[in-house]
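Thanks for coming, everyone. I have one structure to walk through today. Please take a moment with it before I start.

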Amino acid sequence: MKKILFLAVGVLLHAEGLKELIELAKTQNDLVVSKSLIQSAKAKVLEAKEGAYYPTIDIGTYYQRSDDRSPFQVGGIYSGYAKVGMDIYDGGNKDALINQAKSELQSSIFEKGDLQKSIALSIVQDFFTIKSLTDTLTSKDEAKKYLKAQLERMKKFYVAEVATKDEVDRIEASYETNLYEMESLQFQILSLKKSLELSVGKNVATLESSQFITPIDANYELADNLKALMAQKEAVLKGSQALESIYYPQVKVEDTYSLYEYERADATHPKGESNQNKLLLSVNLRLYDNGIIAKNKEALLINAQALDSQIHYKTKEQQMFFELAQARIQTMQIKIKSALSAQKAANSAFATIEEKYSAGIVDYVVYLDALTSKTTANALYKTSLNDLEMAYAMYYYYAGKNIEEYIK
């Protein structure tokens, strides 16, 4: 019994509720941490793109030596310079790249949100499945007590030659089968607990009871994975605009100030200027590239069309699952009513048959059948309640909501 309590209930000693587990997973899950780092990287890329509007400042130095001097050329030149450059016009390239980076950042934000919501739903499913398995294990443990008592009773009857060997074997088989099923349930609970811990990012103690707010009419909104695809499509379109800007004039101005020192100078190899300021205004216009840019732009536009098709499919898919989630809730509510009726009937029937069995009016076959029905009905009712909670979670998930906000 101690082993059962440890694995079934005590596997999970400090109690934690469903909302707390989901909140922990939002920051401690390794996949979420990865998405957060990707988001930070996208933010840095955006900062870098925005910095392209500022002038660039370069400094440098060089030394030039000529062993065989030409006329009017000194033997060596030392120079240090500072250069300031700025793009005056780039055909909208910087604007397009910044907007592309913004869309990519937005997409990464939505991707992180989608992952968090998916993990939250997985946690809910593991949480309530553990609850259902634990309830089933409790019912099996109760049945074990009845079977053990009857097995001991039947063995005494067999010694007293009141019962036959096959009657003892039949109850013993039911007892051992029940133990087998309990061991299986314990392993399932342990497996789900490990899955839950992996999602949460920490060891999980006991699970508190948790319930969702009964849905009325949630305001349906697009899921984060759809929003991420839309942002990706926008980023691709902005990238095509950046390519197109190459066909526009590229105007740039640079101002370079240089200082010079000379060596091995004489009358026929005089020194040059000691300092010089040079202003350069350049205009570049691409006239021909064999359609390279146009083809690359066309490829990006095709990718945008592909993303658009994904968006259409995912939109219909979300709507379908949302409608199924609504139907699932109605089905679960009907199942709960049926399971409750079955539980009451099975418990009542077992109480009656147990009395008759003790009085020798019915045989062990009828008793075992009634006990099985009672155990199954009790577990089924508890499972149906947990299934309804999972149905609520799926409803909120496919409505595009943060499901933890709807936990009581």
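I'll go through the sheet, then a helix, then the salt bridges, then a surface patch. One thing up front: this is a predicted model.

Let's start with the sheet. It is an open sheet of four strands, in the order β1-β2-β3-β4, and the pairing is antiparallel. Which strands sit at the edges? They are β1, residues 56–65, and β4, residues 275–284. Each of those two pairs on one side only. On average, neighbouring strands in this sheet are turned by 20° against each other, ignoring direction.

Now go across it, pair by pair. β1 and β2 run antiparallel and are joined by ten bridges. One place to look is Ile 57, whose bridge partner in β2 is Val 84. Stay on Val 84 and look towards β3. There, the bridge partner of Val 84 is Asp 255. So much for that row; next, the β2 and β3 pair.

Strand β2 covers residues 76–89, and 13 bridges join it to β3. These two run antiparallel as well. Tyr 78 has its bridge partner in β3 too, and that partner is Glu 261. Last pair: β3 and β4. They pair over ten bridges, in the antiparallel sense. As an example, Thr 256 stands opposite Lys 278 in β4.

Next, helix α7. This helix runs over residues 292–358, which is 67 residues. How far should α7 span? At 1.5 Å a residue, 99 Å. The end C-alpha atoms of α7 are 92 Å apart, which agrees. Just after α7 comes Gly 360, with a positive phi of about 80°.

On to charges. Side chains of opposite charge can pair when their charged atoms come close. How many salt bridges are there here? The count comes to 21, taking a side-chain nitrogen of Lys or Arg within 4 Å of a carboxyl oxygen of Asp or Glu. I'll pick three.

The first is Lys 165 with Asp 169. Their closest N and O atoms are 2.8 Å apart. Both residues are in helix α5, residues 165–200. They are four residues apart, so about one helical turn separates them. Buried or exposed? Lys 165 counts as partly exposed, at 44% relative accessibility. Asp 169 is partly exposed too, at 33%.

The second is Lys 233 with Asp 308. Their side chains meet at 3.0 Å, N to O. This pair links distant parts of the chain. Lys 233 is in helix α6 and Asp 308 is in helix α7, 75 residues apart. Lys 233 counts as partly exposed, at 24% relative accessibility. Asp 308 also counts as partly exposed, at 24%.

The third belongs to a network. Salt bridges with shared partners join Glu 23, Lys 26 and Glu 404. Within that network, the side chains of Glu 404 and Lys 26 meet at 3.1 Å, N to O. What does this pair tie together? Lys 26 lies in helix α2, residues 18–28, and Glu 404 lies in the segment after α8, so the pair ties together parts that are 378 residues apart in sequence. For reference, α8 is residues 364–398.

The two ends have their own accessibility values. Glu 404 is buried, because its relative accessible area is 6%, and the cut-off for buried is under 20%. Lys 26 counts as partly exposed, at 25% relative accessibility.

Finally, the surface. Which residues form the nonpolar patch? Ile 88, Tyr 89, Tyr 247, Tyr 248 and Leu 281 do. Together they have about 510 Å² of accessible area.

Take Tyr 248 from that patch. Tyr 248 sits in the loop between α6, residues 224–244, and β3, residues 250–263. Its relative accessible area is 39%, so Tyr 248 is partly exposed.

Now compare another loop residue, Leu 287. Its place is in the loop between β4 and α7. Leu 287 is exposed, with a relative accessible area of 77%. How far apart are Leu 287 and Tyr 248? In sequence, 39 residues; in space, 9.6 Å, C-alpha to C-alpha.

That's the tour. Over to you for questions.

Notes: Residues numbered from 1 in each chain as written. Predicted model: local features only at pLDDT ≥ 70, side-chain atom pairs only at ≥ 80, totals over all residues. Heavy atoms only, no water. Patch = residues over 30% accessible without salt bridge, like charges linked within 9 Å, V, L, I, M, F, W, Y side chains within 5 Å. Areas by Shrake-Rupley, 256 points an atom, 1.4 Å probe, with all protein chains shown as cover. Buried < 20%, exposed > 50% of the residue type's maximum accessible area, 1.4 Å probe, protein only. Pairing = 2+ DSSP bridges. Axes fitted to C-alpha atoms, helices over the stretch in contact; angles between N-to-C directions. Expected span 1.5 Å × (residues − 1).
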